[in-house]
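I sat down with the sequence and the structure today and kept short notes as I went. Here is what I looked up, in the order I looked.

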Amino acid sequence: MQGKSWSKYLLSLPPMAYLLIFFAAPTLIMLFASFRYPGEYGGLAPWYVHENGRLTFDLTLENWQRLLGTDIYLRLFVKSIGYAVTATLVCMIMGYPLALMIARSSRKSRDLLLLLVILPFWSNFLVRIYAWMIIFSPVGALTRMLNGVLDLFGAGPVTLMYSPTAMLVCLVYVHLPFMVLPLYANLEKHDLDLLDAAQDLGAGKWRRFWLITWPLSLSGVTAGSILVFIPVLGMFAIPDLLGGTDGIMIGNVIKQQFMESRDWPFGSVLSMVLTVTAVAVVLLGSRLGQRR
Amino acid sequence: MEITELLEIVDVSRHFNAFVALDKVSLHIEAGEFFTLLGPSGCGKTTLLRLIAGFDQPDGGDILLDGKSILAAPPERRPLHTIFQNYALFPHMTVAENIAFPLRMAGIAKKEIKARVAQALEDVRLPDKARHYPDALSGGQKQRIAIARALVNRPRLLLLDEPLSALDAKLREQMQIELINLQKDIGITFIYVTHDQGEALALSHRIAVMDSGKIVQVDVPERLYGFPNSRFVADFIGKCNLLAGLVREQQGDDVIVELDGLGPVHVCRSEAKFAAGSRCALTLRPEKIRIAAAIVKSTDDESHFTGHVHDLLYLGDVTVYIVTLANGLLLEALLANSASGRTNFFEVGDQVEVAWSCDAGHLVLD
């Protein structure tokens with residue numbers, strides 16, 4: 001027994017160490033950085049000064065005051081959460097029927113359909129976004145066709161590129177598999193006798209879904225929603241390429257602080273808020289998923 | 001004459017591609033009856049149950065409830081419920097919510113639902129489990145909740161699909177007694193599917209034995225056991241010695257049969273008529289064979305043979321002796337271990353005599 005529990009700890013040591021070194025430690029460093037001054041040429045200024053044999057700490061609350069001093073960042077957070085919620089909902093509405101259809105199809109076609117869901121992962125994420133840029137471009141076939149139709153009805157031309165719509169389409173496109181896979185994993189395990197029993201006891205098609213399938217799939221819905229919501233919340237590549245000037249999200253601002261503005265402390269402040277928001281969503285989600 | 005016929009199954013067939021699951025099956029089930037469909041796995045009994053419940057549609061024939069076809073009605077509109085093999089309790093609902101489900105579906109007022117659920121829980125003697133979730137219940141409790149849920153809105157018919165197969169032997173026996181009493185009390189017709197012949201004999205008013213999509217025999221348990229109509233039924237229900245032979249002559253209900261390798265024996269009280277020269281099998285239950293070191297032949301009506309104990313199975317209350325007769329034929333005989341302190345009356349290799357009276361066996365066509 002003793003040896004057995006030892007081996008259990010030994011096996012979990014590498015992943016624990018990995019998480020400690022590459023997740024917990026950086027988060028703490030980031031938290032610390034949010035109280036420091038930016039360095040003269042980027043990076044961070046020293047956090048203590050050795051002067052006349054005396055040690056003085058050089059820390060500040062200025063970065064946090066800057067966050068709270070204006071509503072720009074709050075609005076950016078709200079906007080990012082809005083994109084994340086919308087993308088999650090659209091992914092769920094589109095992903096649920098798909099996952100249900102795959103879970104209820106025959107063993108053979110199931111494997112093929114799952115393969116098709118994962119297929120986009122075979123090519124690079126950025127390459128796929130560039131593809132969307134071509135599709136949405138003002139001289140692209142889609143935009144020209146749409147404007148041709150609009151013209152027939154006397155409506156003015158529209159641009160798809162650099163619009164919230166383009167961003168949402170792309171956000172949903174990229175994250176749909178993350179919704180479908182956990183949902184499928186959940187739905188596939190459902191005991192179909194329960195549906196027969198519900199029908200036998202008088203439940204029609206819709207009641208069978210809402211009273212049996214849906215409540216039993218909540219943990220899958222939660223898992224899928226977390227997997228979509230969190231990456232969308234911090235997304236910067238899609239708004240960078242498809243969002244235009246109005247389309248920036250909080251992720252872009254954070255990236256800006258670290259790259260262009262070279263203000264690491266303020267970048268750290270925004271990152272901390274983003275991390276705490278994400279953790280709060282996960283905790284809330286797992287609470288909901290566990291509920292009977 | 002009072003019409004008590006509840007369910008009528010007329011020439012129902014069901015094919016799965018080339019496989020014939022049900023072949024022109026006809027049955028009449030009366031109101032208040034405990035009716036069992038018995039057969040080996042793959043005989044079509046579960047297919048028939050699913051057709052009655054409405055989960056599947058027959059390829060031919062009709063199913064009538066109170067004289068009206070129910071084939072057009074989907075399962076949710078048929079006034080009958082099913083108890084599933086694994087009970088199919090909804091895991092995300094409490095016991096009370098599970099039982100309330102059919103009442104909710106029927107749109108009954110909340111107040112009445114509450115009262116009826118409480119009554120149903122009383123009836124199955126689990127009133128304190130209302131707020132529990134199914135996974136906190138034992139197998140027997142789940143079973144009782146499934147029954148309470150299926151009976152709470154008084155269906156015309158209850159279909160039970162091997163409901164006791166998940167329980168251990170002791171609990172199974174207890175649940176059998178509960179089922180019998182329950183069915184007697186509420187008077188709802190039960191159609192029970194099982195492959196366990198002992199269960200079928202213990203529970204049912206009537207049993208339909210099925211094989212390869214056909215009904216082989218429908219009868220009350222005692223007749224099925226005592227007077228099987230075929231080699232299949234004799235072999236499937238209980239233990240049975242099957243001795244092949246040739247009918248030599250029949251006079252009234254007395255038949256003389258030339259058993260292969262054993263010679264002529266007298267079979268009396270035969271119900272069926274056999275033409276001389278037809279192949280038949282004598283079905284002999286092990287408990288109807290007398291076995292002793294030496295048997296005084298009491299009457300001419302007794303068949304009498306000598307053999308050796310080939311094998312024995314000590315079962316505690318009884319011992320099963322497998323006896324080799326002179327021609328190498330194996331015969332199974334049963335002896336109650338009535339003497340205290342002794343295990344078996346005979347050992348392997350002992351010479352024994354076996355005998356049976358002329359009305360012990362029953363002849364079937366082979």
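My entries below go from domains to a sheet, then to a helix pair and the chain contact.

**Entry 1: domains of chain B.** A reminder to myself before anything else: this is a predicted model. I looked up how chain B is split and found domain 1 at 5–231 and domain 2 at 239–365. Taken over C-alpha atoms, the centres of domain 1 of chain B and domain 2 of chain B are 39 Å apart. I then checked where they touch: six residues of domain 1 of chain B are in contact with six residues of domain 2 of chain B. On the domain 1 side of that contact I noted two nonpolar residues, three polar and one charged.

**Entry 2: a sheet in chain B.** Next I traced an open sheet of five strands in chain B. Its order is S13-S12-S11-S14-S20, and the pairing is antiparallel. Which strands are at the edges? I found strand S13 (263–267) and strand S20 (362–365) of chain B there, each pairing on one side only. I also looked up the twist: with direction ignored, neighbouring strands of this sheet are turned by 45 degrees against each other on average.

I zoomed in on one pair. Strand S14 (residues 279–284) of chain B is joined to S20(B) by four bridges, and the two run antiparallel. Within S20(B), Leu365(B) is the residue that stands opposite Cys280(B).

**Entry 3: two helices in chain B.** I turned to helix H2 (residues 95–105) and helix H3 (residues 110–123) of chain B, whose axes come within 9 Å and cross at roughly 125 degrees. Why do I call H2(B) oblique to H3(B)? Because the crossing angle is roughly 125 degrees, which lies outside 65 to 115 and is not over 145. The crossing of H2(B) and H3(B) is right-handed.

For the residues involved, I listed Ala96(B), Ile99(B), Ala100(B), Leu103(B) and Arg104(B) from H2(B). They meet Ile113(B), Arg116(B), Val117(B), Ala120(B) and Leu121(B) of H3(B). My tally for this contact is eight nonpolar residues, no polar and two charged.

**Entry 4: chain A against chain B.** Last, I looked at the contact between the chains, which takes 15 residues from chain A and 15 residues from chain B. On the chain A side, helix H8 (192–200) and helix H9 (205–216) each supply at least two residues. What gives the largest share of that side? H8(A) does, with six residues. By type, the side of chain A that touches chain B has seven nonpolar, three polar and five charged residues.

Terms used. Residues are numbered from 1 along each chain as its sequence is written. Chains are lettered from A and ligands numbered from 1 in the order in which they are written. This is a predicted model: local features need pLDDT of at least 70, side-chain atom pairs count only at pLDDT 80 or more; totals for chains, interfaces and linings use all residues. Domain bounds come from an automatic or database domain assignment. Two residues are in contact if their C-beta atoms, placed from the backbone, lie within 7 Å. Ala, Val, Leu, Ile, Met, Phe, Trp, Tyr, Cys and Pro count as nonpolar, Asp, Glu, Lys and Arg as charged, and the others, Gly among them, as polar. Two strands pair if DSSP finds at least two bridges between them. Axes are lines fitted to C-alpha atoms, for helices over the stretch in contact, and angles run from 0 to 180 degrees between N-to-C directions. Angles under 35 degrees count as roughly parallel, over 145 as roughly antiparallel, 65 to 115 as roughly perpendicular and the rest as oblique. A crossing is left-handed if the near helix is turned anticlockwise from the far one by less than a right angle, and right-handed if clockwise.
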